[in-house]
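Thanks for coming, everyone. I would like to take a few minutes to walk through one model with its ligand, beginning with the protein as a whole and then turning to the site.

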Amino acid sequence: MHPLLSKCQSVVDRLIEKSNCKTTHDALRLNHYVWLALISIPLSIIFIIKNFFAGNYSIAAVVVMLMGSMIASLFFITKVKRPSMVYHATNCLFLVMLVLVSIWGDKSEGQILWSYMYPVLSIFLFGNRLGVQWSVLLLVALLVSLVMNGNIDLAQSIEFEIRFSIIYLTILSVTSWLEYYRNRYTDEAIRQRKTLEKERENLEQEIDRRIQLETKLKRLANHDSLTELYNRRHFLSRATEEIHRAQRHDLPATMALIDIDKFKEVNDTYGHPIGDAVLKSFAKLCKQSLRQTDIAGRIGGEEFAILLLHAPAEHARLAMDRFRQQVSEYPFQFEGLQLNITISIGLSAIDDNTVNVDQLYAAADSALYRAKDTGRNRVEIGRGPIQK
Ligand SMILES: Nc1nc2c(ncn2[C@@H]2O[C@H](COP(=O)(O)OP(=O)(O)OP(=O)(O)O)[C@@H](O)[C@H]2O)c(=O)[nH]1
């Protein structure tokens, strides 16, 4: 679009935005009216000047009135409740003006011919049904005025009236036909756009649903459903990555295997659901006590593993001993019951000889057995990974 036109369109849009249009259809009609008014105002000025110098003062005065009403209407459309009333009023004035022009007009120049543009404008502005009604009304009014007002040059010529009517009706029919097809294609385009928008919306919802499902599936695949810690497979895979990283950067890391002591007794004494609740609470406590960088997983029934990153064996032992102490003093409470548990921990730190996570796990596991064998509620460090 030409920059001047798009500037005008933005002014028109602003006017329409400020108006009280309820539907997009109303807004479209108002858009047409504002454009017609913007084009008609300069044309009216030319028409006024021409008639003024031709001595047709009465016509010039009527057009001045019409132009004034159009300018005023541009202010009123943002104020009134129903903006369509404004252009209906202007249309009535325009119609009266055309009739008066045909009565007062310069006979030799046939001012009545200006009326030919009315069907085009009214259908453009009001749509087919109302536009045709207004156009037919104008035709009737013009014919009556031609017959009644004794305009000798025109009124006496029945032939002129017939020719005028035929051309007027042809213009009306062609415009109406064009408007009909324009409406049809516009409606079709709107329908297609709505369908496309709906499909896009559905597609977006489907993508969201699948993303959520994928996230859920990933979570289910990697996490233990009871404790929400990593499951054995995912823990070992994450631990493998981290061990490689630590080895590459020459950083310490220690694996801790934790087993709840005499957990069978908890199940046997209080029942399996309480046993589950203990496991859940223990996992929560475990998460709270760990560093953000540490990785924790549930390896089996009541067995857990933690990979303590950036922690050499001695630091890990201190940290795990604190945790062991914390667990032994923690009052696990369920349904009015309070119970205490203890844990045994086996540690194994990576060194230059560590080949893989299984070695580290095996070393931590043997340390855990030692902790169990030597009385439970203890932390033991493994004797180092199996040598290459
Ligand atoms: N409630 C519950 N119990 C479980 C779960 N998984 C394993 N267990 C129980 O954990 C208990 C483990 O018992 P054991 O392996 O004999 O060991 P323990 O009684 O803890 O004794 P120590 O390890 O030698 O101190 C068994 O009774 C299992 O049934 C679970 O998901 N929920």
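Before I give the overall figures, let me say that a residue is called buried here when its relative accessible area is under 20%, counting protein chains only as cover. By that definition, 42% of the 388 residues of the protein chain are buried, and please keep in mind that this is a predicted model. The protein chain holds 13 helices and 7 strands, and its accessible surface comes to about 22,700 Å², with 60% of that belonging to carbon and sulfur atoms. If we take the contacts between residues at least 6 apart in sequence, 68% of them join residues at least 24 apart.

Now to the ligand. There are 16 residues around the ligand, and those that come nearest are Lys262, Phe263, Asn267, Asp276 and Arg298. Sorted by character, the shell divides into 9 charged, 4 polar and 3 nonpolar residues.

Which atoms of the ligand pair with lysine 262, asparagine 267 and histidine 272? At lysine 262, a polar backbone atom is 2.7 Å from an oxygen atom of the ligand, whereas at asparagine 267 an N or O atom of the side chain is 2.8 Å from a ligand nitrogen atom. For histidine 272, a backbone N or O atom lies 3.3 Å from a nitrogen atom of the ligand. Taken alone, the ligand exposes 650 Å², and the protein buries 66% of that. The elements giving two or more residues to the shell are strand S1 (253–260), helix H10 (263–270) and helix H11 (272–289), and H11 supplies the largest share, with 4 residues.

Key. Residues numbered from 1 in each chain as written. Predicted model: local features only at pLDDT ≥ 70, side-chain atom pairs only at ≥ 80, totals over all residues. Heavy atoms only, no water. Near = heavy atom within 4 Å. Polar contact = N/O pair within 3.5 Å; in protein donor to acceptor, adjacent residues only side chain to side chain. Areas by Shrake-Rupley, 256 points an atom, 1.4 Å probe, with all protein chains shown as cover. Nonpolar A, V, L, I, M, F, W, Y, C, P; charged D, E, K, R; others polar. Buried < 20%, exposed > 50% of the residue type's maximum accessible area, 1.4 Å probe, protein only. Contact = heavy atoms within 4.5 Å.
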